[in-house]
Amino acid sequence: MLPDYRPEPFVDFSVKANADAMRTALSKVGDELGRTYPLLIGGEHIELADTFDSLNPAKPSQVVGSFAKATVEHANQAVEVAATAFETWRNVAAEERARYLFRAAAVMRRRKFEFMAWLVYEVSKSWAEADADVAEAIDFMEYYGRQAIKFGGPQPVVAYNGEENELRYIPLGVTVVIPPWNFALAIMVGMTTAAIAAGNTVVLKPASASPAIAAQFVRLLVEEAGLPDGVVNFVPGSGGAMGDALVDHAKTRVIAFTGSKEIGLRIFERSAKLQPGQIWLKRTILEMGGKDGIVVDETADLDAAADAIVASAFGFQGQKCSACSRAIIVESVYDSVLKKVVDRTKKLTMGDPTDPKQHMGAVVDQKAFDKIREYIEIGKSEGRLMLGGETGDPADGYFIPPTIIADIAPEARLSLEEIFGPVLAFIKANDWKHALQIANNTEYGLTGAVFSRSRERLEEARRDFHVGNLYFNRKCTGALVGVQPFGGFNMSGTDSKAGGPDYLLLFTQAKTITDRF
Ligand SMILES: NC(=O)c1ccc[n+]([C@@H]2O[C@H](COP(=O)([O-])OP(=O)(O)OC[C@H]3O[C@@H](n4cnc5c(N)ncnc54)[C@H](O)[C@@H]3O)[C@@H](O)[C@H]2O)c1
Ligand SMILES: N[C@@H](CCC=O)C(=O)O
């Protein structure tokens with residue numbers, strides 16, 4: 001009998017054996033950096049002369065891996081192969097499909113330090129952030145495997161005399177999976193395995209900044225979990241160059257995307273256009289950006305609020321869609337909270353995250369480095385720089401110190417636009433009502449938190465703070481699979497909930513069958 005789903009516990013690195021295991025993994029993976037990886041289409045490894053490199057953000061001269069660069073032709077070939085594989089995979093029993101996930105989860109659990117090490121090198125995660133990413137990936141597989149079994153058989157309908165009626169969830173077809181680089185393992189694993197568990201086949205185009213961790217996972221799925229050829233196809237390449245081909249293909253049935261608003265909207269629009277030979281309306285699951293706020297009122301525990309703001313704003317260098325990038329503080333406690341946050345932030349350390357003492361690593365690449373610096377300049381003109389702002393030479397690593405800018409107006413660019421870096425705007429609200437109004441004034445609606453001791457206000461926020469993940473008296477990052485199903489409203493996406501009880505259904509269609517006797 002399958003045990004109930006429980007989130008994977010986090011690693012305690014203060015235990016020497018765990019810290020030693022992590023060091024051993026960093027050394028092992030360190031020896032594997034710089035290798036070349038082929039495409040995988042229908043079980044065939046395809047090596048190409050044209051490659052691109054994934055770099056270590058903390059040491060950009062270090063190549064994490066070189067990747068065959070898929071072209072439009074490879075994208076089309078991968079969709080065709082996945083369509084053929086679907087004809088077999090769709091008939092595999094849900095329990096059997098789930099077992100591939102459980103096996104993959106077990107292997108990843110055994111090799112979790114190694115997967116963490118890849119995240120440290122490839123996207124500059126601290127040990128703790130890498131651990132959370134791997135734990136979430138394991139959770140997705142354990143959770144979606146169980147969901148697949150739950151939804152695999154006939155679902156209950158109302159009885160009717162003289163007939164047998166049933167409703168079944170059946171798969172949709174070829175699913176193009178387009179993940180971001182920030183939860184480079186967890187989100188990629190979540191979207192891929194949800195599709196597979198529901199009976200679809202996958203064409204996975206990893207994010208260009210994090211193909212190495214995706215290659216490790218695909219290898220695990222195929223070589224260690226034994227997934228049949230063609231069920232998952234791996235086509236690293238430039239999203240700009242071949243992303244449209246994957247989205248546009250007439251045999252693409254589902255697009256599961258997580259990333260920026262700009263690319264999400266592009267996919268939404270393109271996938272709505274019927275292609276020659278296409279006989280369905282494409283399903284899109286689009287999880288997009290955020291501009292998330294923590295509200296603090298005058299009744300709150302201000303120390304707890306400051307701790308949560310710092311953790312939510314600067315964990316993984318602020319590169320979470322859930323990150324707190326706006327602290328909305330009621331006037332009477334504004335100066336006090338600002339001081340507490342600045343004081344705590346000063347204690348954060350930043351550097352090469354192979355060193356466990358570092359709280360923060362580098363931002364992901366030169367593009368992110370440039371964009372964040374531009375926003376810091378904008379912020380300096382819109383408010384009062386309290387901390388950070390200065391950066392070093394990006395050739396030595398894309399390091400941006402935690403930056404706090406106070407006295408940002410609610411309608412300023414720093415208050416409304418997603419920066420995706422360690423930049424926190426402090427915004428003063430006249431009172432609680434004003435604070436709640438500011439909290440809702442962006443086009444996004446992903447996460448948010450409220451610190452207050454007033455039950456009445458928390459209930460008001462419960463009703464009126466329009467975000468997909470709302471937290472009271474805790475940080476606004478770190479949702480757990482199955483515990484806090486994750487996903488946002490408005491321009492944060494198509495209102496889906498990753499790690500939620502209905503997520504797998506997005507990868508299915510329901511068929512009703514009536515047998516009259
Ligand atoms: N809502 C959520 O759950 C969630 C979770 C994580 C990240 N995000 C968001 O992701 C963004 C950061 O990730 P990113 O920088 O990787 O985003 P991005 O939009 O730049 O890239 C996402 C993916 O889209 C691909 N892509 C690029 N152009 C494409 C095209 N024309 N067609 C198809 N695919 C294309 C990229 O190669 C990548 O794999 C932030 O906005 C963040 O808020 C949202
Ligand atoms: N699910 C993650 C955020 C994912 C996006 O970056 C969290 O809850 O912090």
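This passage walks through two sheets and two bound ligands of a predicted model. Residues are numbered from 1 along each chain as its sequence is written, while chains are lettered from A and ligands numbered from 1 in the order in which they are written. As the model is predicted, local features need pLDDT of at least 70 and side-chain atom pairs count only at pLDDT 80 or more, totals for chains, interfaces and linings use all residues, and side-chain values use heavy atoms, with hydrogens and water left out.

A good place to begin is the sheet made of 3 strands, which is open, has mixed pairing and follows the order β1-β5-β4. Here strands are DSSP runs of E with at least two residues, helices are runs of H or I with at least four, and both are numbered from the N terminus; two strands pair if DSSP finds at least two bridges between them. The edges of this sheet are β1 (35-37) and β4 (51-56), each with a single partner strand, so one side of each has no neighbour in the sheet. From one strand to the next the twist averages 35°. Strands β4 and β5 (residues 59-68) run antiparallel and are joined by 6 bridges, with S54 standing opposite G65 in β5. Across β1, β4 and β5 lies helix α7 (residues 211-224), running at about 45° to β5. Such angles run from 0 to 180 degrees between N-to-C directions, with axes fitted to C-alpha atoms, for helices over the stretch in contact, and contact means heavy atoms within 4.5 Å.

The other sheet is also open and mixed in its pairing; its 7 strands have the order β14-β15-β16-β13-β12-β17-β18. Because β14 (384-387) and β18 (469-472) stand at the edges with a single partner strand each, one side of each is left without a neighbour in the sheet. Neighbouring strands are turned by 20° against each other on average, direction ignored. Strand β17 (residues 447-451) pairs with β18 in the parallel sense over 4 bridges, and the bridge partner of A449 in β18 is Y471. Helix α15 (residues 455-464) packs on this sheet, touching β17 and β18, and its direction makes about 175° with that of β18. Helix α12 (residues 366-382) lies across β14, β15 (403-406) and β16 (423-429), at about 25° to β15.

Attention now turns to ligand 1. Around it are 29 residues (each with a heavy atom within 4 Å), of which P179, W181, S260, M288 and E418 come nearest. These 29 comprise 15 nonpolar, 9 polar and 5 charged residues, where Ala, Val, Leu, Ile, Met, Phe, Trp, Tyr, Cys and Pro count as nonpolar, Asp, Glu, Lys and Arg as charged, and the others, Gly among them, as polar. Helix α8 gives the most to this shell, with 4 residues. Among the polar contacts (pairs of N or O atoms within 3.5 Å), a nitrogen atom of ligand 1 is 2.7 Å from a polar backbone atom of M288. Taken alone, ligand 1 exposes 860 Å², and the protein buries 90% of that, by the Shrake-Rupley method with a 1.4 Å probe.

Ligand 2 is surrounded by N182, F183, K320, C321, S322, T477, G478, A479 and F486. Its shell divides into 4 nonpolar, 4 polar and 1 charged. An oxygen atom of ligand 2 lies 2.7 Å from a polar side-chain atom of S322. Backbone N or O atoms also take part: one of C321 lies 2.9 Å from an oxygen atom of ligand 2, and one of A479 lies 2.8 Å from an oxygen atom of the ligand. Ligand 2 taken alone exposes 280 Å², of which the protein buries 96%.

How values were computed
Polar contact = N/O pair within 3.5 Å; in protein donor to acceptor, adjacent residues only side chain to side chain.
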